[in-house]
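Take a moment with the model below. The text that follows walks through its helix packing, its domains and a few backbone details.

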Amino acid sequence: MPQDDEQGWITESNNNPEQQDNVTSLADRIGGLSTEKAEQADQGEKAEQGDQPQQPQQPKQELEVSVTLADQQADPNSPLYSASTFEELGLHENLLKGIYAMKFQKPSKIQERALPLLLQNPPRNMIAQSQSGTGKTAAFALAILSRINYDSSNPQAVVLSPSRELARQTMSVIQQMGQFTNVKTAFAIKDAIPKGSKVDAQVIVATPGALVDAVRKGQINAKEVKVFVLDEADNMLDQHSMGDQSIKAKNLITSKPQILLFSATFPDIVRNFAAKFAPAANEIRLKQEELSVEGIKQFYMDCDNLEHKFKVLVELYELMTVGQSIIFVHRRDTADEIAHRMTAEGHTVVSLHGKQESSERDLTIDSFRDGKTKVLITTNVIARGIDISQVNMVINYDMPKTASGKPDSETYLHRIGRTGRFGRKGLAVNFIHDKESWKVMNSIEETLKKEIIKVDTSDFDAMEAIMKKELKD
Ligand SMILES: Nc1ncnc2c1ncn2[C@@H]1O[C@H](COP(=O)(O)OP(=O)(O)OP(=O)(O)O)[C@@H](O)[C@H]1O
């Protein structure tokens with residue numbers, strides 16, 4: 001039976017007394033592999049960067065957040081808290097070097113909880129839930145890097161992501177974490193695998209359709225995969241989204257891998273299927289009231305109609321560029337239209353959506369990640385997973401709805417979770433312009449039990465004051 005612990009986390013696991021030993025032996029297995037890389041890095045040489053397309057640059061850690069972060073990591077009620085150090089989690093020293101090179105000091109709660117379970121032997125499946133921006137990527141990246149047999153160059157781990165942008169970001173994390181190992185990585189995303197070639201890499205980060213395609217064409221050998229990760233798993237298993245492709249991918253991986261499902265949200269309807277997809281899994285879950293991230297403050301602006309909504313957005317431009325902002329809309333053509341109109345009014349904004357060419361999408365997200373563009377207008381395509389620490393405002397220009405038109409509180413959580421990353425502060429502003437959007441917002445507010453506060457559309461000084469107050473440390 002799942003046990004409810006003192007921090008409100010529900011953990012179900014077999015408390016294997018040999019767990020620590022197993023972890024150590026795993027660590028031993030990758031020992032001695034990568035001193036070469038460590039030396040290279042010590043001498044200031046660049047570690048191998050892997051395959052095309054290039055992974056995006058990660059934003060630098062900001063000094064000013066480190067004090068409050070230390071406080072949060074010391075607070076048992078915070079999702080960033082942990083009682084242990086990375087050393088105590090039994091990770092190999094070359095992975096510890098990677099972690100510290102990324103300037104991580106202590107594990108977050110999900111990392112502390114999940115890693116011992118992920119590394120136990122024999123391997124067990126895992127369904128892991130933790131709030132947005134709390135470090136789930138590092139948890140599964142470290143599990144993957146701990147399980148690889150570095151003497152074989154066959155594919156041994158596959159990560160499925162819902163978007164190419166998230167796949168590229170995840171690849172970057174795996175490569176940074178593994179920079180002191182000899183890990184070989186490759187993408188299976190659109191336009192990444194040259195025709196007729198075979199993928200020769202231990203870790204593959206993929207989108208589901210591209211993976212299925214490459215395995216069927218014999219470009220990826222899926223017979224020795226040991227770890228299969230579905231990031232944003234509720235979305236990947238959703239029949240209205242990528243469910244079919246994920247099932248096909250699983251069926252093509254014939255080696256009975258350890259299956260890891262990660263997400264900030266697991267609605268009941270998907271959870272049952274998840275339990276079938278990853279049978280007998282260890283499970284870490286959140287209660288409904290724990291889903292919201294404390295550092296993200298939520299507001300709404302009551303607009304008169306569609307045109308007024310656009311005007312309000314334009315008025316907010318200056319505030320949106322104080323840090324960086326993401327504006328979410330429902331449709332691709334709305335994203336383009338707003339970007340076009342705002343550009344015509346002299347503002348610098350970019351749009352990103354699934355109808356654009358891969359190369360254009362890569363350029364757009366990279367320039368946003370580098371801070372060269374400050375305002376990104378997009379659809380749900382990047383509602384999940386994207387981690388850009390400077391994003392301090394998210395605007396729901398259109399409120400999120402499911403395919404059948406119902407209020408979509410999961411997508412809402414993921415969208416607003418693009419800000420407030422790992423202890424940072426952020427603002428979410430909802431634009432309401434008719435009865436329908438009002439209904440959707442009320443329903444989401446009720447589901448998440450977090451107040452959404454009104455800001456007057458004619459009082460931008462009030463919005464500025466809110467920003468100053470809410471975003472200061
Ligand atoms: N232990 C740590 N110490 C400091 N920073 C960390 C630590 N773990 C992760 N981070 C940073 O926290 C940020 C958020 O991590 P990550 O993107 O993995 O979150 P997530 O839980 O996967 O979020 P989402 O649900 O939105 O996908 C990243 O910038 C990452 O580098």
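**Helix pairs, domains and loops**

Helix α6 (residues 136–147) packs on helix α7 (residues 164–177) at an angle of about 55 degrees, and their axes are 10 Å apart. This is a predicted model. The two helices α6 and α7 are therefore oblique to each other. Their crossing is right-handed. On the α6 side, the contact uses Thr137, Ala138, Ala141, Leu142, Ile144 and Leu145. On the α7 side, Thr170, Val173, Ile174 and Met177 take part. Eight residues of this contact are nonpolar, two are polar and none is charged. A general point helps in reading such lists. An α-helix has 3.6 residues a turn, so residues three or four places apart point the same way.

Now step back to the whole chain. The protein chain holds 18 helices and 16 strands. It has 473 residues, and 51% of them are buried. Consider contacts between residues at least 6 apart in sequence: 79% of these join residues at least 24 apart.

How is the protein chain divided into domains? The domain assignment gives domain 1 (9–287) and domain 2 (292–472). Their contact draws 32 residues from domain 1 and 27 residues from domain 2. On the side of domain 1 that touches domain 2, α3 (66–73), α7 and α9 (233–237) each supply at least two residues. The largest share of that side comes from α7, with four residues. The composition of the domain 1 side is 10 nonpolar, 14 polar and eight charged residues. Helix α7 thus appears in two settings: it meets α6, and it supplies residues to the side of domain 1 that touches domain 2.

Next comes helix α8 (residues 208–216). Which of its residues are buried? They are Pro208, Ala210, Leu211, Val212, Ala214 and Val215. The cover over these buried residues includes strands β4 (157–160), β5 (185–188) and β6 (203–206). Helices α9 and α10 (243–252) also belong to that cover. Helix α9 has a second role in this picture, as one of the elements on the domain 1 side that touches domain 2.

Look at α8 and α10 as a pair. Their axes come within 9 Å and cross at roughly 35 degrees. The crossing of α8 with α10 is left-handed. From α8, Pro208, Gly209, Leu211, Val212 and Val215 make the contact. From α10, the partners are Gln245, Ser246, Lys248, Ala249 and Leu252. Here the residues divide into six nonpolar, three polar and one charged. Several α8 residues in this contact are also buried, among them Leu211, Val212 and Val215. Just after α8, glycine 218 has a positive phi of about 75 degrees.

Other backbone details deserve a stop. Most residues other than glycine have a negative phi, and most peptide bonds are trans. Where does this chain have a cis peptide bond? One joins asparagine 121 and proline 122, with omega about -5 degrees. Proline 122 sits in the loop between α5 (109–119) and β3 (126–129).

Alanine 280 is not a glycine, yet its phi is positive, about 50 degrees. It lies in the loop between α11 (268–277) and β9 (282–285). Is alanine 280 buried or exposed? Alanine 280 is exposed, because it has 8 other C-beta atoms within 10 Å, and a residue with 12 or fewer counts as exposed.

Lysine 449 also has a positive phi without being a glycine; the value is about 55 degrees. Its loop runs between α17 (435–448) and β16 (453–455). Lysine 449 has 10 other C-beta atoms within 10 Å, so it too is exposed.

Finish with glycine 385. It is placed in the loop between β13 (375–378) and β14 (391–396). Why does this loop residue count as buried? Glycine 385 has 26 C-beta neighbours inside 10 Å, and the cut-off for buried is 20 or more. Leaving aside neighbours within four places in sequence, glycine 385 is in contact with Ser161, Leu166, Gln169, Asp231 and Glu232. Glycine 385 falls within domain 2 (292–472), while these five partners fall within domain 1 (9–287). Phenylalanine 180 makes a contrast. It is 205 residues from glycine 385 in sequence, and the two lie 25 Å apart in space, C-alpha to C-alpha.

Methods: Residues numbered from 1 in each chain as written. Predicted model: local features only at pLDDT ≥ 70, side-chain atom pairs only at ≥ 80, totals over all residues. Axes fitted to C-alpha atoms, helices over the stretch in contact; angles between N-to-C directions. Parallel < 35°, antiparallel > 145°, perpendicular 65-115°, else oblique. Left-handed = near helix turned anticlockwise from the far one by under 90°. Contact = placed C-beta atoms within 7 Å. Nonpolar A, V, L, I, M, F, W, Y, C, P; charged D, E, K, R; others polar. Domains from an automatic or database assignment.
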